[in-house]
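Colleague: Please take a close look at one helix pair in this model and describe how the two helices pack. Some context on the chain would help as well.

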Amino acid sequence: MALIADPDEDLVRRVGQGDPAAIQSMVARKLPRMLALARRMLGDAVEAEDVAQEAMLRAWRQAPRWTPGKARFDTWLHRVALNLCYDRLRRRREIATDTPPDRPDESPAPDRGLIAADTGARVEAALARLPERQREAIVLCHYQELTNIEAAALMEISVEALESLLSRGRRALRVALADMRPDAEGA
């Protein structure tokens, strides 16, 4: 098996040695992406913070035992965060309640920049309605900016299967958000 080049190898080694500057650097580099991934997968900012923090804690604990070359550290960290998200999504389905849960803050996230609040909320709602695997593929490729190869490896599917999920997810989003297109009637 060929060794995989990992741009985080030195950083992970230093974190494993307890270097405070490396730990701070890892958190600064990785926490925002884990938080964005969890927020998009869960649709709940508080739960997303919990998931992102737990993923970073696991990264810190794993760093002394990390074996470079088997996989990229960033890929492993994304898998940890996705697994934590899926655990929470499973628990949501298992809990029956008489009252609906509190609604998350509908204002745009800081990474949304100048996008209007209603547009951001509509896109997030449409994304949340996608089947989990389609949502996962879109989040990994479009929001987390992983390549198709990286996302497919992370999801443990072929690139062709990933592209199929992306295609179906994009098509569903286009239909759900069709009235927002500039060429839509009344726009």
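Modeller: What follows covers the chain briefly and then the packing of one helix against another. The model is a predicted one. The protein chain has eight helices and zero strands, and along the sequence it reads α-α-α-α-α-α-α-α. It has 187 residues, of which 36% count as buried. Among contacts in the protein chain with a separation of 6 or more, 64% are between residues 24 or more positions apart. The exposed surface of the protein chain is about 11,200 Å², with carbon and sulfur atoms supplying 55% of it.

The pair chosen is helix H6, residues 132–143, and helix H7, residues 148–155. Their axes come within 9 Å and cross at roughly 140°. Angles over 145 degrees would count as roughly antiparallel, so at this value H6 is oblique to H7. The crossing in which H6 passes H7 is right-handed.

On the H6 side, the contact is made by Arg133, Glu136, Ala137, Leu140 and Cys141. H7 contributes Asn148, Ala151, Leu154 and Met155. Sorted by class, the contact of H6 with H7 has six nonpolar residues, one polar residue and two charged ones. The charged residues are Arg133 and Glu136, both from H6, and the polar one is Asn148 of H7. The nonpolar residues are Ala137, Leu140 and Cys141 of H6, together with Ala151, Leu154 and Met155 of H7.

Key: Residues numbered from 1 in each chain as written. Predicted model: local features only at pLDDT ≥ 70, side-chain atom pairs only at ≥ 80, totals over all residues. Heavy atoms only, no water. Axes fitted to C-alpha atoms, helices over the stretch in contact; angles between N-to-C directions. Helix = DSSP H or I, 4+ residues; strand = E, 2+ residues; numbered from the N terminus. Parallel < 35°, antiparallel > 145°, perpendicular 65-115°, else oblique. Left-handed = near helix turned anticlockwise from the far one by under 90°. Contact = heavy atoms within 4.5 Å. Buried < 20%, exposed > 50% of the residue type's maximum accessible area, 1.4 Å probe, protein only. Areas by Shrake-Rupley, 256 points an atom, 1.4 Å probe, with all protein chains shown as cover.
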